[in-house]
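Here are my notes for you on this model. Keep the viewer open while you read, and look up each residue as it comes up.

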Amino acid sequence: MESNTIGCQLIKYPARNEWEKLVQRATIDVTSLFETVQGILKDIRKEGDSAIKRYEKQFDKVDLLSLVVSEAEIQEANNRLSEELKQAILTAKQHIETFHAAQRFEGKKIETAPGVVCWQKAIPIEKVGLYVPGGTAPLFSTVLMLAVPARIAGCKEIVLCTPPNKEGKVHPAILFAAQVAGVHRICKIGGIQAIAAMACGTESVPKVYKIFGPGNQYVTAAKQWVSLKDVAIDMPAGPSEVEVIADLNANPDFIAADFLSQAEHGVDSQAILVTTEESIVEPVWKAIAKQLNDLPRKDIVEKALAHSRIIVLKTQEEVIEFTNLYAPEHLIIQTKDYEAIAAQIRNAGSVFLGSYTPESAGDYASGTNHTLPTNGYAHAYSGVNLDSFIKKMTFQEISAEGIRGLGDTIRVMASNEQLEAHRNAVTVRLNAYGNKETI
């Protein structure tokens with residue numbers, strides 16, 4: 001392993017028994033925070049809004065008279081926001097809407113046997129809660145990514161919680177995005193107390209059935225805890241990450257820009273470059289160092305680069321195998337044959353193809369969703385999509401002819417599982433239609 005002036009690790013031709021270590025993330029075990037989560041949840045369940053206001057004063061340093069954003073505050077936000085940003089938000093919303101609307105489920109009635117008809121129906125989750133962090137940046141894009149598909153799905157109640165500033169205000173871009181995306185109620189609540197409020201319900205915050213959205217380790221711990229018995233959640237979450245696959249055709253400045261755009265998310269973010277071309281390492285290092293100096297969030301980026309990596313492998317087959325093991329949240333493929341490589345990728349949250357497709361396009365405005373599985377969860381989880389906001393119910397209708405044809409199969413199986421009441425539920429129907437029990 002080698003180091004360099006930007007603090008990023010260089011690993012050349014690692015043996016396969018080293019790969020498991022190389023795909024590890026800089027994550028924190030949030031189970032240590034469960035005791036704190038339980039205490040806050042217990043207080044909010046017992047005291048409602050008064051407990052939330054107490055915790056808002058403790059954690060967000062703000063005294064709140066009301067937890068719900070008023071129409072006057074939304075109008076004030078509209079007036080404060082530049083027309084340029086409003087138009088950008090509206091354009092992004094349109095693209096996100098177009099992409100997610102195309103995901104609508106169309107169930108078909110299937111006759112599995114004569115007289116036996118089965119089908120599925122998509123039903124929107126009635127009440128969903130969206131969490132949007134405040135922190136070091138106002139993530140109004142996350143409002144669009146969560147609220148737009150929730151509205152398309154037909155969720156009857158969309159509740160958004162986001163931390164206020166010390167003046168008790170929510171960033172105007174978050175309020176504008178929430179309004180145009182179709183959020184029904186916006187609450188000034190952050191952290192654990194926001195997740196607890198949506199999980200159990202208070203005077204101001206409706207209890208929801210599923211909670212979505214990113215957050216810090218406290219929010220992550222709270223989501224994991226309430227998912228055990230109170231409410232569903234979108235997916236496990238961890239620090240954001242990107243992997244870039246590059247060859248000699250890749251532009252080092254583009255790679256550096258992608259590295260840095262990911263690293264500025266937070267000090268625990270991770271960027272990885274995987275390549276078979278050792279000769280591109282030095283140009284990429286130089287490009288990162290040059291671009292880094294111009295970033296206002298330089299301190300955050302430098303800390304993220306400390307656990308970011310450039311990995312040189314022997315063959316393209318190794319690159320693909322390593323990538324599928326790493327299962328990145330974002331995967332950027334900047335190679336001449338990017339389509340051929342992409343066809344072999346099985347584990348990634350979202351894939352960005354070619355030199356002119358930066359991760360920031362998906363983060364904001366191309367149309368795909370940026371709420372994605374991190375920390376290797378892309379092995380089993382999808383990113384947020386329209387299906388995330390719906391549930392599917394199955395239906396079946398069996399005619400007299402159908403039960404006569406299927407009845408003996410059901411009865412044999414029930415009898416062999418020693419569930420005689422199941423067997424009898426078929427037998428009484430067959431007898432009612434004049435069939436004699438033959439089994």
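The points below go through a helix, the nonpolar cores, the strands and the salt bridges.

1. Before anything else: this is a predicted model. Keep that in mind for every number below.

2. Start with helix α6, which covers residues 140-153 and so has 14 residues by the helix assignment used here. From its first C-alpha to its last it reaches 20 Å, close to the 20 Å expected at 1.5 Å a residue. Now look at what surrounds it: 13 of the 14 residues of α6 are buried, so the helix is largely enclosed by the rest of the structure. Just after α6 comes Gly154, and there phi turns positive, at about 100°.

3. Which residues touch the most other members of the largest nonpolar core? They are Val128, Leu130 and Phe389, in a core of 40 residues. The elements that give two or more residues to this core are α4 (71-80), α5 (83-101), β4 (127-131), α6, β5 (157-162) and α7 (172-181). Helix α6 turns up again here, since the largest share of the core, 10 residues, comes from α6. Apart from this core lies another one, of 34 residues; Cys187, Ala196, Ala221 and Val226 are among them.

4. Leu130 deserves a click of its own. Leaving aside residues up to four places away in sequence, Leu130 touches Leu146, Ala147, Ile158, Val159, Leu160, Cys161, Val183, Met198, Phe212 and Phe389. Phe389 is on that list, and Phe389 is also one of the residues with the most contacts to other core members.

5. Next, strand β4. Is it mostly buried or exposed? Here 4 of the 5 residues of β4 are buried, so this strand is largely enclosed by the rest of the structure. As background, strands of a sheet pair through backbone hydrogen bonds, either parallel or antiparallel. β4 and β5 run parallel and are joined by 5 bridges; Lys127 has Glu157 in β5 as its bridge partner. β4 also pairs with strand β7 (residues 210-212), again in the parallel sense, over 3 bridges. In that pairing, Leu130 stands opposite Phe212 of β7, and Phe212 is among the residues that Leu130 touches.

6. There is also an open sheet of 6 strands to trace. What is the order of its strands? Reading across, you get β1-β11-β10-β9-β12-β13, with parallel pairing. The edges are β1 (9-12) and β13 (350-353), each of which pairs on one side only. From one strand to the next, the twist averages 15°.

7. Zoom in on one pair inside that sheet. Strand β10 (residues 270-275) and strand β11 (residues 309-312) are parallel partners over 4 bridges, and Leu273 stands opposite Ile310 in β11. Then add helix α10 (residues 252-263), which lies across β9 (241-246), β10, β11 and β12 (330-334). Relative to β9, α10 runs at about 170°.

8. On to charges. Side chains of opposite charge can pair when their charged atoms come close. How many salt bridges does the structure hold? The count is 16. One of them links Glu47 and Arg54, whose closest N and O atoms are 2.9 Å apart. Glu47 is partly exposed, with a relative accessible area of 29%, and Arg54 is partly exposed too, at 37%.

9. Helix α5 gives you two salt bridges to compare. Lys86 pairs with Glu83, with the closest N and O atoms 3.5 Å apart. These two are 3 residues apart in α5, so about one helical turn separates them. Lys86 counts as buried at 14% relative accessibility, whereas Glu83 counts as exposed at 57%.

10. The other salt bridge in α5 is between Lys93 and Glu97, at 3.3 Å from N to O. Being 4 residues apart in the helix, Lys93 and Glu97 are also separated by about one helical turn. Lys93 has 14% relative accessibility and counts as buried, while Glu97, at 21%, counts as partly exposed. Finally, some salt bridges share partners: Arg16, Glu318 and Glu321 are joined this way into one network.

Methods. Residues are numbered from 1 along each chain as its sequence is written. This is a predicted model: local features need pLDDT of at least 70, side-chain atom pairs count only at pLDDT 80 or more; totals for chains, interfaces and linings use all residues. Side-chain values use heavy atoms; hydrogens and water are left out. The expected span of a helix is 1.5 Å times one less than its number of residues. Buried means under 20% relative accessible area, exposed over 50%, partly exposed in between (1.4 Å probe, protein chains only). A nonpolar core is a set of buried Ala, Val, Leu, Ile, Met, Phe, Trp, Tyr and Cys residues joined through side-chain atoms within 4.5 Å. Contact means heavy atoms within 4.5 Å. Two strands pair if DSSP finds at least two bridges between them. A salt bridge is a side-chain nitrogen of Lys or Arg within 4 Å of a carboxyl oxygen of Asp or Glu. Axes are lines fitted to C-alpha atoms, for helices over the stretch in contact, and angles run from 0 to 180 degrees between N-to-C directions.
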